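Reader: I've got a model open and I'd like to learn how to read it. Can you walk me through it?

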Amino acid sequence: MLSFIKAYIKSMRLYYSFVTGIAGWVGVSYYQYVATTEGPRGTSELVKTIETSTSTDKMLVILIILFLAWGINQIINDFLGYKEDKVNAPQRPMVTGELNRFGALFLSIILMLAVLLVTWFYLEPIAVVPLIIGAILNVVYEYAKGYGIMGNIIFGVMISMCGLFGFFASGPMEIYFTKSRISALAFIAIINGLMTYYTYFKDFKGDKLAGKNTIVVKFGLEKNKYIAIVASFLPSVIFLSGYFGFEAFEIKLNDIFIILGGMTIFLQLWTGVLYYKNPEGEMTYYSLVTNFRACVSGQATIIALFNPVLGLILFLISYVFVGFLFNLHTNIKA
């Protein structure tokens, strides 16, 4: 049993937990922002209705669910992606037999059911909707990644469900969607869709053999070197055009957001450079840590829009611990 648990935790790849955790924290912190708003802050869409500040206990439960969400679903992803993992990651516990495939799948399903029950009876019933959608998209993703950019879109929307869960689970509300809220979810989807694109470089051989026609497989490594550079500009271009051109985020920019935004843009561009320089080989794997940091930092920067101090703290913590946890998984074949 102990060896099973160790192999299960290893397969969760907890350095990814900050991806779902911080994405969900966007929703949690935005709810607190709305709940403490006494009146209009520029537009009527930011006026408080029946929102009330989330208790510490409930907030802790929400964040635990969010930080474990990736790992629980990763087991399902590994189960479905068993074929390509035999090539891409032959030393993963599920491939080597260290982790029983069906036992791990059963445990993940049990944990997901437990999360649904906790959400329904202890948090907010409406929050089970993004949970279920996210779980379904995780299964769909394994097949969608074989159809070019569709895999990236599905993955991005799946992670955005974490933000929606964090928001819905935090307390009651009368208005579920506004332009700013939809914009935040869309931005989370974009930076996560881009993040998963870069992960396809290390999986090129296995995906090709398994018939997974990802963007990297479809256009090949040489062309994707240049796509990697161009794509790295995508989040900043979309945010700036959305903010200034379409007033997508109806919150005034602050100094901390601008500083963190600049650092995030650097990380995103540097990720593109790394994959341009190392589209294959050992460094393709180790470049992932910069890729993950760019993604998570972008999400923490969104939080800084409406909670500058929290955004700064999460930016720094995420940057440090993504690297720390990643360095515990230095075996590129696992």
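**A polar side chain and its surroundings**

Author: Start with a side-chain pair: asparagine 224 and tyrosine 197 make a polar contact through their side chains, at 2.8 Å. A polar contact here is a pair of N or O atoms within 3.5 Å; within protein, one must be able to donate a hydrogen and the other to accept it, and residues adjacent in sequence count only if both atoms are side-chain atoms. Keep in mind that this is a predicted model, where local features need pLDDT of at least 70 and side-chain atom pairs count only at pLDDT 80 or more, while totals for chains, interfaces and linings use all residues. Residues are numbered from 1 along each chain as its sequence is written, and side-chain values use heavy atoms, with hydrogens and water left out.

Reader: Which backbone oxygen does the side chain of asparagine 224 reach?

Author: That of isoleucine 215, at 3.2 Å.

Reader: And is asparagine 224 buried or exposed?

Author: Buried means under 20% relative accessible area, exposed over 50%, and partly exposed in between (1.4 Å probe, protein chains only). Asparagine 224 counts as buried because its relative accessibility is 0%.

Reader: Where does asparagine 224 sit, and what is it in contact with?

Author: Helices are DSSP runs of H or I with at least four residues, strands are runs of E with at least two, and both are numbered from the N terminus. Asparagine 224 belongs to helix H11, residues 215-231. Contact means heavy atoms within 4.5 Å. Setting aside neighbours within four places in sequence, asparagine 224 has Tyr197, Phe201, Ile215, Val216 and Phe219 as contacts.

Reader: How do I read leucine 80? Is it buried or partly exposed?

Author: Same scale: leucine 80 is partly exposed, because its relative accessibility is 26%. Leucine 80 is part of helix H3, residues 56-80. Beyond four places in sequence, leucine 80 touches Val139, Glu142 and Tyr143. The C-alpha atoms of leucine 80 and asparagine 138 are 9.9 Å apart, with their positions 58 residues apart along the chain.

Reader: Zooming out, how many helices and strands are there in the protein chain?

Author: The protein chain has 16 helices and 0 strands. For overall size, use the radius of gyration, taken over C-alpha atoms; the globule rule is 2.2 Å times the number of residues to the power 0.38. The protein chain comes out at 19 Å, close to the 20 Å that the rule gives for 334 residues, so it is as compact as a globular protein of that length.

Reader: What share of the residues is buried?

Author: Of the 334 residues in the protein chain, 57% are buried.
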